[in-house]
Structure formats: C-alpha cells, structure tokens
Amino acid sequence: MADAATERRFTPEAGCARCTQLDRARRRAAAAYDHSAETDARVLIRHHMRAEHGRELEVGWM
Ligand SMILES: [Zn+2]
C-alpha cells in the first residue's frame, strides 16, 4: 500500500531529467523574483511528483 504521507521538501529524484529541469526553472524564477514563473514551476513540480513518482508534496512545500 502506498504511503499517503505528504512531503514538506521537494527532493528531485535521482536520474530524473524532468525533476532536474523543473527544479532549475523554479530556482531561476525565484532568483529573478519572477513570482508567476515560480508559481508555474511549483505547480508543475507538484503535478510531476504525484504523477511520475507517486509522491505528494505538502501545500507550502519548500
Ligand atoms: Zn521526476
């Protein structure tokens, strides 16, 4: 049975190019104070983690 616990922190899956790409996009947006791009990246990361890795990120994850 899958563990339904949510995760507070996003940790890119080792070897997953999409995780690396999304993480990079989020960091770049944050560094540029581009709030809408950062939000977009966070949404994509949350969706990707759920769909591809079966991991649920908590609301407000770091
Ligand atoms: Zn991934």
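# Exercises on a zinc-binding model

Leaving out residues up to four places away in sequence, Arg 55 touches Glu 7, Thr 11, Glu 13, Met 49 and Arg 50. The model is a predicted one, and the exercises below start from this residue before moving on to the zinc ion, the aromatic rings and a helix.

## Exercise 1: the surroundings of Arg 55

Find where Arg 55 lies, decide whether it is buried or exposed, and state which residues are linked with it in a network of salt bridges.

*Solution.* Begin with the position in the chain: Arg 55 belongs to the loop between helix 2 and strand 2, the latter being residues 56-57. Next take the accessibility, for which the cut-off is that buried means under 20% relative accessible area; with a value of 18%, Arg 55 therefore counts as buried. Then turn to the charged partners, bearing in mind that side chains of opposite charge can pair when their charged atoms come close. Glu 7 and Arg 55 form a salt bridge in which the closest N and O atoms are 3.0 Å apart. Because Glu 7 lies in strand 1 and Arg 55 in the loop between helix 2 and strand 2, this pair ties together parts that are 48 residues apart in sequence. Glu 7 itself has a relative accessibility of 24% and so counts as partly exposed. Finally, the network of salt bridges links Glu 7, Glu 13 and Arg 55.

## Exercise 2: a second link between distant parts

Work out which parts of the chain are joined by the salt bridge between Arg 8 and Glu 58.

*Solution.* The first step is the distance, which is 3.2 Å from N to O for the side chains of Arg 8 and Glu 58. The second step is to place the two residues: Arg 8 sits in the loop between strand 1 and helix 1, while Glu 58 sits in the segment after strand 2, and the pair thus links distant parts of the chain, 50 residues apart. The third step is accessibility, where Arg 8, at 42%, is partly exposed, and Glu 58, at 28%, is also partly exposed. A search of the whole structure finds 7 salt bridges, the two treated so far being among them.

## Exercise 3: the zinc site

Name the protein donors of the zinc ion, and explain why their arrangement is tetrahedral.

*Solution.* Start with the donor atoms, which are SG of Cys 16, SG of Cys 19, NE2 of His 48 and NE2 of His 53, at 2.0 to 2.3 Å from the zinc ion. Now consider the angles: the 4 donor atoms subtend 105 to 114 degrees around the ion, which makes the arrangement tetrahedral. For reference, the ideal angle for four tetrahedral donors is 109.5 degrees. In sequence, the donor residues follow the spacing C-x2-C-x28-H-x4-H. Since Cys 19 lies in helix 1 (residues 17-31) and His 48 in helix 2 (residues 35-53), that pair ties together parts that are 29 residues apart in sequence. Cys 19 has a relative accessibility of 0% and so counts as buried, and His 48 is buried as well. Apart from its neighbours within four places in sequence, Cys 19 is in contact with Phe 10, Pro 12, Glu 13, His 48, Met 49 and His 53.

## Exercise 4: the aromatic pair

Classify the aromatic pair formed by Phe 10 and Trp 61, and say what lies over the face of Trp 61.

*Solution.* The structure holds 1 aromatic pair. The ring centres of Phe 10 and Trp 61 are 5.8 Å apart and the planes stand at 70 degrees, so the pair is edge-to-face. As Phe 10 lies in the loop between strand 1 (6-7) and helix 1, and Trp 61 in the segment after strand 2, the pair ties together parts that are 51 residues apart in sequence. Phe 10 and Trp 61 are both buried. Over the face of Trp 61 lies Arg 42, at 4.1 Å from the ring centre.

## Exercise 5: a salt bridge within helix 1

Determine how Asp 23 and Arg 26 are separated along helix 1, and whether each is buried or exposed.

*Solution.* Asp 23 and Arg 26 form a salt bridge, with the closest N and O atoms 3.6 Å apart. Because these residues are 3 residues apart in helix 1, they are separated by about one helical turn. Asp 23, at 11% relative accessibility, counts as buried, and Arg 26, at 13%, counts as buried too.

How values were computed:
Residues are numbered from 1 along each chain as its sequence is written. This is a predicted model: local features need pLDDT of at least 70, side-chain atom pairs count only at pLDDT 80 or more; totals for chains, interfaces and linings use all residues. Side-chain values use heavy atoms; hydrogens and water are left out. Donors are N, O and S atoms within 2.8 Å of the metal (3.2 Å for Na, K and Ca); water is not among the atoms, so sites may look incomplete. Four donors count as tetrahedral if all angles lie between 85 and 135 degrees; four count as square planar and six as octahedral if opposite donors are over 155 degrees apart and all others between 65 and 115; anything else is irregular. Helices (H or I, at least four residues) and strands (E, at least two) are DSSP runs, numbered from the N terminus. Buried means under 20% relative accessible area, exposed over 50%, partly exposed in between (1.4 Å probe, protein chains only). Contact means heavy atoms within 4.5 Å. Rings of Phe, Tyr and Trp (its six-membered ring) pair if their centres lie within 6.5 Å; planes under 30 degrees apart count as stacked, over 60 as edge-to-face and the rest as tilted. A charge sits over a ring if NZ of Lys or CZ of Arg is within 6 Å of the ring centre and within 35 degrees of the ring normal. A salt bridge is a side-chain nitrogen of Lys or Arg within 4 Å of a carboxyl oxygen of Asp or Glu.
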